[in-house]
Amino acid sequence: MSLVLEQETPPLHADVTGAMRVGHTRVLLETVIRAFQDGASPESIVQRYSTLSLSDVYNTIGYYLRHQDAVETYLKQREQLAEVVQQRLASVQPDLSSIRRRLLAQRNH
């Protein structure tokens with residue numbers, strides 16, 4: 001009996017916004033990679049995100065380890081995009097700190 005080696009495609013797909021998702025889920029690539037970088041095992045990542053399969057998490061981590069520079073570049077781009085979105089939201093939303101103070105003051109009386 002011989003083992004047939006197959007080349008596997010990483011279980012990643014881009015959604016309509018360009019965000020990379022893992023497997024057939026909505027879990028973001030950065031979610032899995034950051035959890036792994038924080039010391040989470042693939043098994044604990046699957047426990048946190050039950051829509052993920054264990055094999056997809058292992059394959060995603062393997063892909064990251066083989067293509068670390070490219071994935072880190074993607075993660076930095078996603079962080080920059082998040083900062084831009086956060087700045088846009090902050091510029092159009094009113095300062096809510098005064099409302100929060102008033103609500104806390106009312107609650108304390």
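**Notebook: helices and packing in a predicted chain**

I began with helix α1 and found that what covers its buried residues includes β1 (12-14), β2, α2, α3 and α4, where buried means under 20% relative accessible area, exposed over 50% and partly exposed in between, with a 1.4 Å probe and protein chains only. I note that this is a predicted model, in which local features need pLDDT of at least 70 and side-chain atom pairs count only at pLDDT 80 or more, while totals for chains, interfaces and linings use all residues. Residues are numbered from 1 along each chain as its sequence is written, and side-chain values use heavy atoms, with hydrogens and water left out.

**Whole chain**

I looked up the secondary structure and got 5 helices and 2 strands for the protein chain, running β-β-α-α-α-α-α from the N terminus on; helices (H or I, at least four residues) and strands (E, at least two) are DSSP runs numbered from the N terminus. The radius of gyration of the protein chain is 20 Å, well over the 13 Å that the globule rule gives for 109 residues, so the chain is more spread out than a compact globule. I took that radius over C-alpha atoms, and the globule rule is 2.2 Å times the number of residues to the power 0.38. Along the principal axes, the C-alpha atoms fill a box of roughly 80 × 30 × 25 Å. Buried residues make up 28% of the 109 residues. For contacts, meaning heavy atoms within 4.5 Å, I found that 46% of those between residues at least 6 apart in sequence join residues at least 24 apart.

**Helix α1**

I listed the buried residues of α1 as Leu29, Glu30, Val32, Ile33 and Ala35. Thr31 is also found in helix α1, but with a relative accessible area of 23% Thr31 is partly exposed. The C-alpha atoms of Thr31 and Tyr49 are 9.6 Å apart in space, although 18 residues separate the two in sequence. After α1 comes Gly39, whose phi is positive, near 100 degrees.

**Helices α2 and α3**

I placed Arg48 in helix α2 (residues 42-48), and at 51% relative accessibility Arg48 counts as exposed. Not counting residues up to four places away in sequence, Arg48 touches Ala35 and Ala40. From C-alpha to C-alpha, Arg48 and Val27 are 11 Å apart, with their positions 21 residues apart in sequence.

In helix α3 I checked Gly62, which counts as buried at 16% relative accessibility. The C-alpha atoms of Gly62 and Pro10 are separated by 8.6 Å, and the two residues are 52 apart along the chain.

**Helices α4 and α5**

I compared the length of helix α4 (residues 68-92) with its expected span, which is 1.5 Å times one less than the number of residues: its 25 residues should span 36 Å, and its end C-alpha atoms are 36 Å apart, which agrees. The buried residues of α4 are Val71, Glu72, Tyr74 and Leu75, and they pack against β2 (20-22), α1 (29-37) and α3 (54-66).

Helix α5 (residues 97-108) has 12 residues and reaches 16 Å from its first C-alpha to its last, close to the 16 Å expected. I then asked how many of the residues of α5 are buried. The number buried is 0 of the 12, so α5 lies largely in the open.
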